[in-house]
Protein chains: 2
Amino acid sequence: MTVQSTGGGRRAISAAAVPDLVSKAREGDPRSVGRLVSLVEDESPLLPELMRLLAPHTGGARIVGLTGAPGVGKSTSTNALIGELRRRGQRVAVLAVDPSSPFSGGALLGDRIRMGDHVLDPGVFIRSMAARGHLGGLAWTTPQALRVLDAAGFDVVLVETVGVGQSEVEVAGQADTTIVLLAPGMGDGIQAAKAGILEIGDLYVVNKSDRDGADRVRRDLRAMLGLAERRDDAWRPPVLGTAASTGAGVPDVVDAIEQHGEWLRTSGELHRRRVRRAREEIETLALTALRRRWGSVDDGDRLDELAAAVVAGTEDPYTAAERLL
Amino acid sequence: MTVQSTGGGRRAISAAAVPDLVSKAREGDPRSVGRLVSLVEDESPLLPELMRLLAPHTGGARIVGLTGAPGVGKSTSTNALIGELRRRGQRVAVLAVDPSSPFSGGALLGDRIRMGDHVLDPGVFIRSMAARGHLGGLAWTTPQALRVLDAAGFDVVLVETVGVGQSEVEVAGQADTTIVLLAPGMGDGIQAAKAGILEIGDLYVVNKSDRDGADRVRRDLRAMLGLAERRDDAWRPPVLGTAASTGAGVPDVVDAIEQHGEWLRTSGELHRRRVRRAREEIETLALTALRRRWGSVDDGDRLDELAAAVVAGTEDPYTAAERLL
């Protein structure tokens with residue numbers, strides 16, 4: 001396993017070095033993979049070139065999102081899932097995104113150390129990433145980091161994020177399969193009913209299922225999911241139970257991931273989801289490029305001029321917007 | 001006073017009727033003002049034309065934002081401020097924006113009825129507006145509704161919003177002068193320290209200052225504000241006390257609004273704030289127009305095509321974004 005975090009002493013990467021890093025990353029060199037993820041995290045100007053080089057090699061990985069409130073056992077579950085996937089011969093990358101922090105490393109690095117089971121396994125790559133991007137945050141950097149890991153040939157990429165507000169919905173938007181993790185004794189009904197949680201999961205896993213109340217959480221969740229109207233051919237999210245610390249129930253979760261993957265492919269939903277994601281990514285990049293252009297010295301003056309005309313009442317904002325475009 | 005709310009039985013307005021409505025609104029006809037605000041709220045396709053007609057008549061009103069947590073007495077304070085401004089001969093419009101609700105009318109209409117002191121006064125116009133806009137919400141519709149009220153010749157436009165999350169910061173961004181309203185017994189220190197509240201106020205008003213703990217809130221607030229580094233010529237936000245239900249302290253608040261207005265003008269900050277706002281508005285309209293274009297039938301196909309190429313790996317997202325632009 002390679003555990004990587006960011007910050008301190010990162011070496012600058014030259015444009016000329018990028019093709020070589022891509023080759024090495026594709027051969028499985030974890031240092032090169034890590035340096036490419038750093039380029040994404042740093043919003044490097046080399047990203048367009050990097051993405052161009054990666055494009056032909058993407059699309060092979062299964063992207064699995066894992067989200068849940070603090071305390072449900074995300075790290076332990078990730079660790080257990082890695083173990084089971086490795087037993088099935090899959091190469092696994094984990095991208096732990098911390099949407100609440102402008103820094104990475106800290107708490108998440110601590111989490112990663114708890115995943116120490118896989119320290120000596122070259123088939124596992126674990127990386128924390130801060131969603132510090134000022135140009136769109138999670139929405140902007142996560143898909144590009146996933147593209148690096150995808151092109152590096154991992155069979156499964158787990159995106160782990162703490163379920164805080166909007167971030168879990170965003171992560172679900174990036175994944176082929178989204179696992180929502182819950183646990184008993186955490187406000188049960190309330191956490192399940194939390195806005196959006198019932199819409200984003202492809203799989204629901206109640207961890208710590210050896211504890212009191214786990215059955216109740218599963219039952220309540222099934223009842224609530226049952227209320228949703230679904231087409232006959234729609235995926236019906238299963239509600240599973242695990243005790244990630246002992247590994248109980250984990251093979252069933254991996255089976256369910258595979259079943260959902262099979263359904264995604266045969267139903268055409270995989271392609272639809274990926275096209276939708278690519279649409280959003282292209283749109284975000286285009287809008288970011290525009291804002292950057294408008295905020296640059298030349299066009300910044302132009303925008304200031306238009307704004308001054310609007311303030312003076314000689315121009316209205318719609319006409320000004322049209323002129324800007 | 002004219003109290004207006006939205007929904008139910010709104011008549012369609014034709015393009016030909018807009019110039020007439022603008023003339024009547026400028027003559028002080030409250031029905032016409034209300035119908036123009038409805039055009040904004042409905043995101044009418046007539047807005048570009050409306051804004052073009054209004055542009056030469058804007059810039060005269062003083063925009064005053066009023067924000068605070070539920071229960072601090074926003075409606076009572078608004079009512080008291082209207083009374084004092086009327087005594088000074090000012091025409092006053094109130095735009096109550098409810099950022100938490102996709103509907104207007106309900107709770108806010110109830111609030112408006114409590115402002116009944118001004119029912120018979122033609123110099124007062126009160127309107128609730130929902131921030132339901134799916135194309136940017138508050139940020140998109142509020143400046144345009146304010147432009148209607150500004151062009152209609154009101155001397156002061158109060159924008160009232162409940163302080164929930166991001167909305168108060170957004171409202172502060174729309175106003176020339178932002179009043180942050182607090183009250184004792186509401187978690188005092190905590191509410192003052194709430195992210196952002198110390199940065200957005202030009203005036204702080206502790207309402208219910210006849211109650212226990214009001215002095216403490218004012219003292220704590222002054223101490224916290226005193227910690228901020230400010231340039232010598234910067235505005236130093238005063239901390240005032242009112243009992244809006246009796247009117248005590250309200251003339252001091254209006255005096256402070258006027259002093260801040262004077263400072264804004266002489267320091268050049270008024271122009272800077274308005275240009276900044278116009279920049280943001282133009283940018284938002286331009287980006288909205290682009291997204292609409294991309295989402296339209298013709299360009300929607302183009303975006304889908306590009307997204308499919310990215311999924312297939314024959315195109316990278318940056319090149320796709322460039323092609324889209």
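By what turn, and with what shift along the axis, can chain B be laid on chain A? In this predicted model, a turn of 180° with a shift of 0.0 Å along the axis lays chain B on chain A, and the RMSD is 0.0 Å. The pair therefore shows the relation of a two-fold axis. Both copies use the same surface, in that 100% of the contact residues of chain B recur in chain A. Among the residues of chain B, B:Leu287 comes closest to the rotation axis, with its C-alpha at 3.5 Å.

**The single chain**

Chain A contains 14 helices and eight strands. Of its 325 residues, 49% are buried. When contacts in chain A between residues at least 6 apart in sequence are considered, 76% of them join residues at least 24 apart.

**The contact between the chains**

Chain B contributes 40 residues to the contact, and chain A contributes 40 residues. On the side of chain B that touches chain A, four helices each supply at least two residues: H3 (47-54), H12 (269-295), H13 (297-312) and H14 (317-324). Helix H12(B) gives the most to this side, with 14 residues.

The residues of the side of chain B that touches chain A divide by class as follows.

| Class of residue | Number on the side of chain B that touches chain A |
|---|---|
| Nonpolar | 26 residues |
| Polar | six residues |
| Charged | eight residues |

In summary, the two chains are related by a turn of 180°, and the side of chain B that touches chain A draws 14 residues from H12(B) and includes 26 nonpolar residues.

Notes:
Residues are numbered from 1 along each chain as its sequence is written. Chains are lettered from A and ligands numbered from 1 in the order in which they are written. This is a predicted model: local features need pLDDT of at least 70, side-chain atom pairs count only at pLDDT 80 or more; totals for chains, interfaces and linings use all residues. Copies are superposed by least squares on the C-alpha atoms of residues with pLDDT of at least 70 in both. Two residues are in contact if their C-beta atoms, placed from the backbone, lie within 7 Å. A residue is buried if 20 or more other C-beta atoms lie within 10 Å of its own, exposed if 12 or fewer, and partly exposed in between; C-beta atoms are placed from the backbone. Ala, Val, Leu, Ile, Met, Phe, Trp, Tyr, Cys and Pro count as nonpolar, Asp, Glu, Lys and Arg as charged, and the others, Gly among them, as polar.
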